[in-house]
Amino acid sequence: MRTTPEQLTRHGWGRRTAALAATAGLVLTMLVALANPAQAASTLGASAAEKGRYFGTAIAAGRMSDSTYIGIANREFNMITAENEMKWDATEPSQNSFSYGRGDQIANWARSNGKQVRGHALLWHAQMPGWAQNLSGTALRNAAINHVTKVATYYRGKIHSWDVVNEAFADDGRGSRRDSSLQRTGNDWIEAAFRAARAADPGAKLCYNDYNTDGINAKSTGVYNMVRDFKSRGVPIDCVGFQAHLGTSMPGDFQANLQRFADLGVDVQITELDIQQGGNQANMYAAVTNACLAIARCNGITVWGVRDSDSWRTGANPLLFDASGNKKAAYTSVLNALNAGGGNGGGGNGSIDTGAWYVLVNRNSGKALDVYNLSTADGARITQWSRNDGAQQQWQFVSSGDGYYRLKSRLSGKVLDVTSRSTADGAALIQWPDANSANQQFSIQTIDSYVQLISRNSGKAVEVQGASTADGGNIVQYSDWNGANQQWQLVRVG
Ligand code: G3I
């Protein structure tokens, strides 16, 4: 029997919610990016959030008991990547036997401290477990897809973005695919992985991630052509990660390169930034930060470690904190750039772009807010449906001022509306011509990386009725109890 919201409220979830809301000022923030923050933020994560972006780091489970390390990580960063603990060798040490202990240690710490998680990495030719290294052909393909499905399902709803495939292009100056046992299973292995990841976790952004792709060159153009092809054929890809392991100079076309990918209709993320210590380190860190701020679809930046002594690049001192945990000049340069930056648009974490189209994925069911049966009629009911990114699942936020928005259907041009201006629990959500009335306006509150839509007229939350997980489940309003069926992930699709 399914537990209803009413039952959960009776069993004390309402009180727990109130307590959570009172203590978790950290995670309950308005989504709308502040155009003119009253005061410059004093940490990287807070400053990036004001620009609608995140600032993250990679964490190693083995270092988490170091109080200096974990203290800096907690204070400065709001996006966390496991440096090694979610890779194939860590999560599936023997075939079909999964091990999430160290990955969970990092993910749970991040989430309990109000941070989001980047998943790294589902498939990569390196750090494959020994058993997978011994497979080839169909057996390897099946094992790889099973791995994607199982791991993405396990972490479903907890991952902001997944590196679905890592480093699949060669450094041959021709933009070819890298030769690997995975590649030898057939050129379609990458798209097969993306399709499996989407089916397993419809709410996570799905990224392709690589290095030496930071400027416009043969390798990045190879990736670009693949992404363009995926977009044209409907292969589910949402983002491209640029590792940005940089030396003492950076490509002059760094920003232009990010922009050409964004123009294909994907988000871009700097995923493993570290820069060789030298005269230019602080300036280069600022330049990377400014490039991300200049591109509306740049979601955020992750640096690959906390202190220089934590870096995989021994001796390069490539990070923002020295071995003692002191802020380096590079740190100040990044923070100043974030605080000064114009914040072009926001990349999908922490701000709403009223020029964009979003699919709203329910946290409980993984299904998308959908105009039932492709209707364009007044009064058509709104349901949830398996995500397909069709126009009936795309919504634009239209500002009504004062932090309220209407949600306009891309299919019908009509807006989400609480039927008959009802203030009752269970009243249906329908589509109706835009009159900018209070029953068509919603405020937006964030919980983790999800949003709640609260009706201006009734004060109630938009939810999937009865926490249904079925296609066609009704969308209604209900008293806000913080349920997963009242939380939606905004996935930008256009
Ligand atoms: O933990 C063991 C230790 O017990 C053992 O004694 C030691 C012996 O070498 O190895 C330790 O494991 C090492 C592990 O890092 C943890 O420190 C592995 O050998 C080492 O190979 C592994 O390196 C990681 C590397 O990926 C593997 O390819 C780095 O930490 C990690 O920063 C690095 O990250 C990659 C990204 O995933 C993808 N992009 C490039 C980036 C840098 O190489």
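**Strand S3 and the loop after it**

I looked up Ala121 first and found it in strand S3. The model I am reading is a predicted one. I then checked the peptide bond from His120 to Ala121, and it is cis, with omega near -5°.

Next I went to Gln127. I found this residue in the loop between S3 and helix H7 (130-133). Its phi is near 50°, a positive value in a residue other than glycine. Is Gln127 buried or exposed? I counted 12 C-beta neighbours inside 10 Å, so Gln127 is exposed. The cut-off for exposed is 12 or fewer.

**Asn373**

I looked for Asn373 and found it in the loop between strand S11 (368-371) and strand S12 (382-385). Phi of Asn373 is near 60°, again positive in a residue other than glycine. Asn373 has 12 other C-beta atoms within 10 Å, so I noted it as exposed.

**Glu272**

I checked the UniProt record, an unreviewed entry, and it places the feature "active site" at Glu272. In the model, Glu272 lies in strand S8 (residues 267-275). I noted Glu272 as buried because 24 other C-beta atoms lie within 10 Å. The cut-off for buried is 20 or more. Which residues does Glu272 touch, not counting residues up to four places away in sequence? I listed Gln243, Ala244, His245, Thr302 and Trp304.

**Around the ligand**

I listed the residues around the ligand: Glu83, Asn84, Ala126, Gln127, Asn166, Tyr211, Gln243, Glu272 and Trp312. Glu272 and Gln127, both looked up above, are among them. I sorted this shell into three nonpolar, four polar and two charged residues.

**Helix H9**

I turned to helix H9 (residues 189-200), which has 12 residues. From its first C-alpha to its last, H9 reaches 17 Å, close to the 16 Å expected at 1.5 Å a residue. Which residues of H9 are buried? I wrote down Trp189, Ile190, Ala193, Phe194, Ala196, Ala197, Arg198 and Ala200. I then asked what these buried residues pack against. The partners are strand S3 (116-124), helix H8 (137-154), strand S4 (161-166) and strand S5 (205-210).

**The S13–S14 hairpin**

I ended with strand S13 (residues 395-401) and S14, which pair in the antiparallel sense over six bridges. Phe397 stands opposite Leu407 in S14. The two strands form a hairpin with two residues between them. In the turn, I found Asp402 with a positive phi of about 55°. Strand S14 (residues 404-409) is mostly covered, with five of its six residues buried.

Key
Residues numbered from 1 in each chain as written. Predicted model: local features only at pLDDT ≥ 70, side-chain atom pairs only at ≥ 80, totals over all residues. UniProt positions renumbered as here; feature names shortened; annotations may be inferred. Helix = DSSP H or I, 4+ residues; strand = E, 2+ residues; numbered from the N terminus. Contact = placed C-beta atoms within 7 Å. Pairing = 2+ DSSP bridges. Expected span 1.5 Å × (residues − 1). Near = placed C-beta within 6 Å. Nonpolar A, V, L, I, M, F, W, Y, C, P; charged D, E, K, R; others polar.
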